[in-house]
Each structure stands twice: as structure tokens, then as C-alpha cells.
Amino acid sequence: MTSHTNPALPANFTPDVIIAGGGTAACVLAGRLARSTPNISILLIEAGSNNHNDPGVIRPASYLHQQLSPRVKNYTSVPTQSLCGRSVVIPAGSGLGGGSSVNFLMSFPPPPPIPVNDVDGGDRYTRASASDFDDWNMPGWSTEELVPYLKKLETCHYVDGETHGKDGPVNVSFGGFTEEMVVRDASEAVRDMGYEVVEDANDLHTGCAFQRWARYIDPITGKRQDTAHRYVHPVLEEGLGSLYVLCNSTVVKVIIEDGTAVGVEYVPSCETPFSTDPPPEVATIRAKKLVIVSAGALGSPCILERSGVGNPTVLAAAGVEPIVPLPAVGTNYQDHNLIGPAFRVSNEVDTHDSFILLDPEVVATAESEFKTGKGKFATNFIDFTGKIRPKPHELPAMGEEFKTLWDLYYKNAPDKPVILAALLNCLLADHTLFPPGKFITAGIYTAYPASRGTIHISSPSPYSHPILNPSFFSHPADAPTLVWGYKVAREICRRMKCVIGEVVELHPAFHPDSPARCEGVLSEEMKKREVVYSKEDDKDIEVWVSNTVKTAWHSLGTCAMGRVVDERLKVYGVKKLMVADLSVAPENVGANTNNTAIMIGEKAAVLAAEFLGVEV
């Protein structure tokens, strides 16, 4: 392709715009601005590598390997008291396209390493509820004002609807493979429990229903729809000359002179995600008109803090001279909290377990079928999903703390789910630890955790690991929410005809005499029996949840609108500086966050264009 990726930059090159970061929103920004009228010059600087036509990116079913690859940067939190003293690992995408190039839904323990030639995966398509954006309470960011951007980004193939797009760059479809037995059995089970199964739970208004799951996969080619391939690479291939992409380069800080952002300092990225080695001498490049920080919810606050923008006390402790006092930088960290009990299924179910274990015949068939956009490489093997709200009779068991939250937050917002659920057609754990078989895993995660965390730099070096405290379960309503979610998901799976047992080791350690204990083999009589949980059982579930809960890869909120940036994404106290990624979201969304990140990129491109006096 005609590429300006890692170019020898022209002598005295001074672009109009510098974008610090090359993730999901950044690629949308770069691609849109590169096609502006009149034309402007853009330099995008990304810490990770180029992803162009990487088999580990474009083939959706390979996504599990990505958590073992350089395309994922793992942050480790400080020990968390509310999680029994555990640290948690929070991954972030590293490389062009960021999370959209590697998102794989959930951060379960990985299976054994999979060779890169045999991997990758498309993220699930979910969208926020209408009340989510309205709750941001920011001018220009209401749902009514954002629907045009949500439509602009997508071509939706699986359903028609007034909130869906038909000619956007990101294709949304069911992909090239579906395990129909799981969809059928799960649909019957949830209907039997009183839930609806609908065609489209992503209409921005449905808060409690199940559906067959769509994903960011082209229905013809079967390829992942990451924002680098949908927005940036087409510009480079067309040779427009307006966009330069500098990979494997880490932005140290934004250069601020007299209260104005005038450029950035950057260094070569280190070979490991973090290092105590001192960085080499910095390179400096100036921007004529605008600097946009777009390094994600974990990266953007750190760039601002290294630039001297943040809480003066935090900056001083890290050895950075404060320039602009902005105490909210790095606060308001939010995520979704995830658990994943697993179940055995009958041999008739066509799971992805053999594919993950690299069965030669299965992989060869998948390779062949992917040439036509079909088969097991053309899916993320997640076919069924749900948004769940508790029924009135279930509320008392969830505790007074949640009841208070329900009355304040959920009761009058029927579009808000409390739990998000997914069925994955495999065992997302090390298969060698369990007898051979076929499995499904139930991914259950909180839609709106009430806990809030922080991330702050520990030194001026871009190589240093930041101080991350996600504060999972620091709010007393969060753990009971997942206790209830576990019970619902377990009941769904027990009712599925294809489920033949529970993977006991991946469930709570109930007392052996408890009627609620898990069973490795489930008879039909057992499956019909209602599971009744005692107070002791609830405590066992809560202990298990606290010991196993993980991130869902959905970090946001650390440079929030109204706290760090205004409604036009301009950083308070600094001219010609914007932030544009999930860090600007003031509150959470009841969905996987990829769609919201792309939407923010689309909206930010328009805001930046208005500032620059161009049209996109």
C-alpha cells in the first residue's frame, strides 16, 4: 500500500494536528480529519505497532491469543482490600486501532498460547441505552444529538431500525458462523424464565431482553471491523498525503507554552509494556493548530499528568512540575465487573474448544472456510446475549444498598440493564486442568458499577507503570449485584437442554451438604429442580465473586467531561488541547464500550473540524 506509516518525516515537518495515541477513537478522528475540506495535515503517534492486514487482527476467532501478544498492554492494580487483597490486571489495546483491533469481550484466564498464525476475533456489538447519554448531562451529548453519529459509524446488516446506520464504515452482522443449538436452547430457557427474546436489543431503548448476538464482522469477508482498517488504512492506501502515522512511538507529554498546547515530546516505545529503564532523549514535534490526546482511559490521563496538567499534589509526588491545576485528571475510573462460571454441554454442540486447542482438522477447515468469509475464524463464538433487570420479588435479596441505588438510578429508567450476560461457546480457562469435553462459559458483568477508582503517574517517565486503583467493589451495592447475576445465569444454563453438567471448579465453593451445591453431572431431574440459596450460600457466592471478579476491558471516565474537558472536549485551562476517547465519558454505559468509543471519535472529529475551520 501507499503508506505514511513510520515515515521519514519531511524536514521541519509541522503538521496542523497531532493526535497523541492511535486507538479506537484516534483512528476515527484521523481518518475523518484526513478527508477534510480544505485539506489539513495530521500526524498520529501510536505507542504500539501497525496492524495492517495482520492475521491476528483481521480474523475474528483469534482474539483469545491477543491477550498474550504485544497488541495488549496489561496494567496491574494496587492490591484491593475489597477483593480480598488481590491485584487485578486491566488490559488495554496497544497498536493501531487500539481495543477495536484486539477486543475479545472478556478477560478470563487465557487458554494455552495459540500461535499468531492461527488467531484473532471480532468484538460483540452492543450499544448504550438512551438514558446513558442523557445522564451525561452535557450540551451536545444527549441521545437525540448523538444518534446521527451512531448511525454514521455503521452499516447494520442484521436488522433495520431508525437508530441504525446503513452506509457507515463499520459493518455489523452475525458473522460467518453461529452455533444454532446454543441459541435455540438458551432462547427456550430464558423464555421459560419469563424474559423476552427480541430481534434487536440494541435499539437504545430495550433494557431487559435477550437476542442472538451481532458483532463487528463484515458479513462477506468475515473480517474484523477495527477502526484502523475501516478509517486509517483506506486513507493511506489512497495516498491522500494528508495523514502520517508514526508507530512504536510513545508520547511523553504535551508541550504547553503560555497556556497553549504547541506540540508533543515522544520517544521510541520500550520493548516491554513498562520498564524502569530511563527513556532515551526525546524528540519534539510541534503542531500548527491543535493537539488531541487520544490514548484511552488508561493512557490519556497519564499524558496529561506528565504534561503538568492534573492534581498538583499527585504531580509533585511523581516529580512533575504542575502547570495547570486540574484535580479531576485520573479520577472517576469506571469499568464493568465480570465473572465467568462454566458448564459442560453435550457432544452434539459445535463448540470452539477443539479450535482453541488447535485440532489440526478443525483449524484446517476453518482456514479453508475463512477464504469465503465463513466458518470458525469468522466469528467470536459468542452467539447469545442478554440485558437483565431484577424482577420486583428479587430486589429484597439484593440488599438495602442496591435497593437504594435501584430507587435512585434504575427504577425510572427502564432502558437500563443491571446485568449484561453472554454465552461463549467454549471453556475460557486452561483446558489441561479439566477432563476433555465441550463447554460453554457464561459471562456475567455489571452494567453500572457504583464504585469509582483512580489512575495516576508514578514518575515523569512514559515507561513507568502508573498507580492504578480500580476500586472494584468499594461500593457496597456492587458485589450483591453480581451475586444475583450469578444466580440468574446459572439458572439459564441449567435449563438449557444441551447442558449436561457444571464445571464445579469454576463456581462458588458451596458447602457439600448445601442443596445449592454445584454438580459435575446434571440429571434431567436435577435440572428441573429449583435451586434455593440460603444466606450461607449467598456468602459463598460473594466470597467467590470477590476472589474471581475481573475487568471487562471497559475502562472509561478518567478525563471526564465537566471535570477535565468541556462539552467540546477542550481541556480546561489549556488552549488548543483536546482529549477524545473513552476517558471523556462522565458516567458509564450499559454496554460493551467499543461502540461508544467509535461514536466519541466521530463526534470529536466534527468538534475538531469546527475548531479548525474545515468540513468533515
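Two exercises with worked solutions follow, both set on a predicted model.

**Exercise 1. Describe how helix 1 and helix 8 pack against each other.**

Solution. Two packed helices are described by the angle between their axes and the distance between those axes.

Step 1. The helices concerned are helix 1, residues 24-33, and helix 8, residues 227-238. Their axes come within 8 Å and cross at roughly 30°.

Step 2. Angles under 35 degrees count as roughly parallel. Helix 1 and helix 8 are therefore roughly parallel to each other.

Step 3. The handedness of the crossing between helix 1 and helix 8 is left-handed.

Step 4. On the side of helix 1, the contact is formed by Thr 24, Cys 27, Val 28, Ala 30, Gly 31 and Arg 32. Helix 8 contributes Thr 227, Ala 228, Tyr 231, Val 232 and Val 235.

Step 5. Sorted by class, the residues of this contact between helix 1 and helix 8 comprise 7 nonpolar, 3 polar and 1 charged.

**Exercise 2. Determine the arrangement of the sheet that contains strands 9, 10 and 11.**

Solution.

Step 1. The sheet is open, has 3 strands in the order 9-10-11, and shows antiparallel pairing.

Step 2. Strand 9 (249-257) and strand 11 (283-286) are the edge strands, as each pairs on one side only.

Step 3. Neighbouring strands of this sheet are turned by 30° against each other on average, with direction ignored.

Step 4. Strand 10, residues 260-268, is joined to strand 11 by 4 bridges, and these two strands run antiparallel. Opposite Gly 263 stands Arg 286 in strand 11.

Conventions. Residues numbered from 1 in each chain as written. Predicted model: local features only at pLDDT ≥ 70, side-chain atom pairs only at ≥ 80, totals over all residues. Heavy atoms only, no water. Pairing = 2+ DSSP bridges. Axes fitted to C-alpha atoms, helices over the stretch in contact; angles between N-to-C directions. Parallel < 35°, antiparallel > 145°, perpendicular 65-115°, else oblique. Left-handed = near helix turned anticlockwise from the far one by under 90°. Contact = heavy atoms within 4.5 Å. Nonpolar A, V, L, I, M, F, W, Y, C, P; charged D, E, K, R; others polar.
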